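Q: Got a minute to walk through this model with me? I'd like to go sheet by sheet, then look at the helices and a few odd spots.

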Amino acid sequence: MSEQTGKIRILIADDEIRIRKLISDFLIRDGYEVIEAEDGEQVLELMRKPAKPDLIILDVMMPKVDGWMVLEELRKSESIPVILLTAKSTENDQLYGFRIGADDYVTKPFSPTLLVARVQALLRRRGVLPDRSAKCGDIRVDELAHVAYVGDRQMELTPKEYDLLLYFIENKGVALSREKILNGVWNYDYFGDLRTVDTHVKQLRAKLGESGDMIVTVRGVGYRLEVK
């Protein structure tokens, strides 16, 4: 944790500036302090300084020193939680990552909202963050268990429906355009039809039952989760 700001510090290590900015924007919005590295060598240099991060999001395919080597080097002396972020999605790659000390493994393309939820869950398991749930009316999202409830009923949501619901709760009371929802839930790499948002909102409303009318249509803008 930063002594100057009192905020939890996250290190994002990725050679793509676009990916670093995407993750950084979401983490800063949630109140984290962010530092960045564009290659493995920079990560190791930063880890030699006294002010260490509380968690590292580490890309595997980086120049100079790749993520595998960085993680192996870190685990010789550090227990800082590490989330591997990579396009390598085979079971063998994931098993290797966990074997050399990764705490979690996220494959590209990824949902920034879901990545932040995993950051929070990992920090809670390490005792850095208290356990918490996102709530709005009768709707509750347990981010640690990655499940959602309406009242006492657990909902059966697809991963994107879960991300969409969490995004609405995190922005409750705010009118969100379809473009903003698409960027926030499907991330900036998605170039699909905006009707994708409408389809998922319709499905989410249906699964919310009577609480579905909390997601209101804002004419000429998009949608808003009303606080009741």
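**The sheets, the helices and some loops**

A: Sure. Five strands, or rather 5 strands in an open sheet, run in the order 2-1-3-4-5, and the pairing is parallel. Keep in mind that this is a predicted model.

Q: Which strands are the edge strands there?
A: Strand 2 (33–37) and strand 5, each of which pairs on one side only.

Q: And what does the twist average from one strand to the next?
A: It averages 20 degrees.

Q: OK, how many bridges hold strand 1 and strand 2 together?
A: There are 5 bridges, in the parallel sense. As one example, Leu 11 stands opposite Ile 35 in strand 2.

Q: What about strand 1 (residues 9–13) and strand 3, how many bridges join them?
A: Those two run parallel and are joined by 4 bridges. Leu 11 turns up again here, with Ile 56 as its bridge partner in strand 3.

Q: And on to strand 4, in which sense does strand 3 pair with it?
A: Parallel, over 4 bridges, with strand 4 covering residues 82–86. Leu 58 has Leu 84 as its bridge partner in strand 4. To get from strand 3 to strand 4 the chain passes through helix 3 (residues 67–74), and this β-α-β crossover is right-handed.

Q: How many residues of strand 3 are buried?
A: For strand 3 (residues 55–59), 5 of its 5 residues are buried. Leu 55, Ile 57 and Asp 59 point one way, while Ile 56 and Leu 58 point the other way.

Q: Is Asp 59 buried or exposed, then?
A: Buried, as are the others in strand 3.

Q: Which strands does helix 1 lie across?
A: Helix 1 lies across strand 1, strand 2, strand 3 and strand 4, and runs at about 170 degrees to strand 2. Helix 5 also packs on the sheet, where it touches strand 1, strand 3, strand 4 and strand 5. The direction of helix 5 makes about 135 degrees with that of strand 3.

Q: Switching to the other sheet: what's the strand order?
A: That one is open too, with 4 strands in the order 6-7-8-9 and antiparallel pairing.

Q: Why is one side of strand 6 and of strand 9 left without a neighbour in the sheet?
A: Because strand 6 (133–136) and strand 9 (153–154) stand at the edges, each with a single partner strand. For strand 9, strand 8 (residues 147–150) pairs with it over 2 bridges in the antiparallel sense. Within that pairing, Tyr 149 has Gln 154 of strand 9 as its bridge partner.

Q: Which helix packs on that sheet?
A: Helix 6 (residues 159–170), touching strand 6, strand 7 (139–142) and strand 8. Its direction makes about 115 degrees with that of strand 7.

Q: Now helix 7 and helix 8, how do their axes cross?
A: At roughly 75 degrees, with the axes of helix 7 (residues 178–186) and helix 8 (residues 195–208) coming within 9 Å. That angle makes helix 7 roughly perpendicular to helix 8.

Q: Who makes the contact?
A: From helix 7 you have Arg 178, Ile 181, Leu 182 and Trp 186, and from helix 8 Thr 196, Val 197, Asp 198 and His 200. By type, the contact residues divide into 4 nonpolar, 2 polar and 2 charged.

Q: Which residues of helix 7 are buried?
A: Ile 181, Leu 182, Gly 184, Val 185 and Trp 186. What covers them includes helix 1 (17–29), helix 5, helix 6, strand 10 (176–177), helix 8 and strand 12 (222–225).

Q: Any backbone oddities? What kind of peptide bond joins Lys 108 and Pro 109?
A: A cis one, with omega about -5 degrees. Pro 109 sits in the loop between strand 5 (104–107) and helix 5 (112–125).

Q: And what's phi at Lys 64?
A: Phi is near 70 degrees, a positive value in a residue other than glycine. You'll find Lys 64 in the loop between strand 3 and helix 3.

Q: Is Lys 64 buried or exposed?
A: Exposed, at a relative accessible area of 64%. Lys 202, in helix 8, is exposed with a relative accessible area of 64%.

Q: Last one: what separates the C-alpha atoms of Lys 202 and Ser 24?
A: They are separated by 30 Å, with the two residues 178 residues apart along the chain.

Methods. Residues are numbered from 1 along each chain as its sequence is written. This is a predicted model: local features need pLDDT of at least 70, side-chain atom pairs count only at pLDDT 80 or more; totals for chains, interfaces and linings use all residues. Side-chain values use heavy atoms; hydrogens and water are left out. Axes are lines fitted to C-alpha atoms, for helices over the stretch in contact, and angles run from 0 to 180 degrees between N-to-C directions. Angles under 35 degrees count as roughly parallel, over 145 as roughly antiparallel, 65 to 115 as roughly perpendicular and the rest as oblique. Contact means heavy atoms within 4.5 Å. Ala, Val, Leu, Ile, Met, Phe, Trp, Tyr, Cys and Pro count as nonpolar, Asp, Glu, Lys and Arg as charged, and the others, Gly among them, as polar. Two strands pair if DSSP finds at least two bridges between them. Buried means under 20% relative accessible area, exposed over 50%, partly exposed in between (1.4 Å probe, protein chains only). A crossover is right-handed if, with the strands pointing away from the viewer, the path from the first strand over the helix to the second runs clockwise.
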